[in-house]
Amino acid sequence: MPTDSIPTPLESQRHRCARARVGSTLSEKWRLDELLGVGGMAAVYGATHRNGRRAALKILHPTLSEVQELRDRFFDEAYAANLVNHPGTVAVLDDGVCPDGSLYLVMELLEGENLDARLTRADRGLPPAEVLALTRPLLEVLAAAHERGILHRDVKPENVFLTTSGEVKLLDFGVARMSDSL
């Protein structure tokens, strides 16, 4: 097993904490149904609202929620994505605080895979037609962000999502920089 795939103790702790939340309910309305992924800053869950609507909940790791700068950055991600106001961004519908003080965002739930997973499945790279089909919408969302003074600063295959309906979504505005004019 390559050493880069061995989780560090902190990663293991974050995964355990994230898995432990599955089945719990936040704000007496969002049931966390499944863990979709765990990153360096947050875990993402598939969740169901008490009215039956499905969404994705992104929860900042508890230890990071204690740091004001990271709390601000987490909410800045939501505000930046919503300011772009483009179908190629993930709509952030709500935010809140978990009982343990962790911050969360409620976002539209996407079905599909990120570009990194798609590239991994591709034997010999993507066909030119597929590259062109995803490049134009990606450039359009970046242009919309730039028109609003927002620089994404973390465009990579893991942050480009390909939905089952054929949409291209740019994820994770967590390190985006907003112009002082906003």
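Contact here means heavy atoms within 4.5 Å. With that cut-off in hand, on to the predicted model and what Leu138 does in it. Leaving out residues up to four places away in sequence, Leu138 touches Val155, Val160, Val168 and Leu170.

Leu138 isn't just any bystander: along with Val84, Val160, Leu170 and Phe173, it touches the most other members of the largest nonpolar core, a set of 18 residues. Two helices and two strands each put two or more residues into this core, namely H3, H5 (128–147), S9 (160–163) and S10 (168–170). Of these, H5 chips in the most, with six residues. Apart from this core sits another one, made up of 15 residues, with Ala42, Leu60, Ala78 and Leu171 among them. In soluble globular proteins, nonpolar side chains tend to end up buried together.

Now for the open space. The largest pocket holds about 860 Å³. It is lined by 34 residues, and those closest to its centre are Val44, Lys58, Asn159, Leu171 and Asp172. Leu171 therefore turns up twice, as a member of the 15-residue core and in the pocket lining. Sorted by class, the lining comes out as 18 nonpolar, seven polar and nine charged residues.

As for where the lining comes from, at least two residues each are supplied by strands S2 (30–38), S3 (42–49), S4 (54–60) and S7 (112–114), and by helix H3 (68–84). H3 gives the most, with four residues, and this helix also gives two or more residues to the largest nonpolar core.

Key:
Residues are numbered from 1 along each chain as its sequence is written. This is a predicted model: local features need pLDDT of at least 70, side-chain atom pairs count only at pLDDT 80 or more; totals for chains, interfaces and linings use all residues. Side-chain values use heavy atoms; hydrogens and water are left out. On a 1 Å grid over the protein atoms alone, a cavity is a set of points where a 1.4 Å probe fits but cannot get out, and a pocket is an open set with protein on both sides within 12 Å along at least five of seven lines; lining residues have an atom within 4 Å of a point. Grid points are joined across faces, edges and corners, and a volume is the space filled by probe spheres set on the points. Ala, Val, Leu, Ile, Met, Phe, Trp, Tyr, Cys and Pro count as nonpolar, Asp, Glu, Lys and Arg as charged, and the others, Gly among them, as polar. A nonpolar core is a set of buried Ala, Val, Leu, Ile, Met, Phe, Trp, Tyr and Cys residues joined through side-chain atoms within 4.5 Å. Buried means under 20% relative accessible area, exposed over 50%, partly exposed in between (1.4 Å probe, protein chains only).
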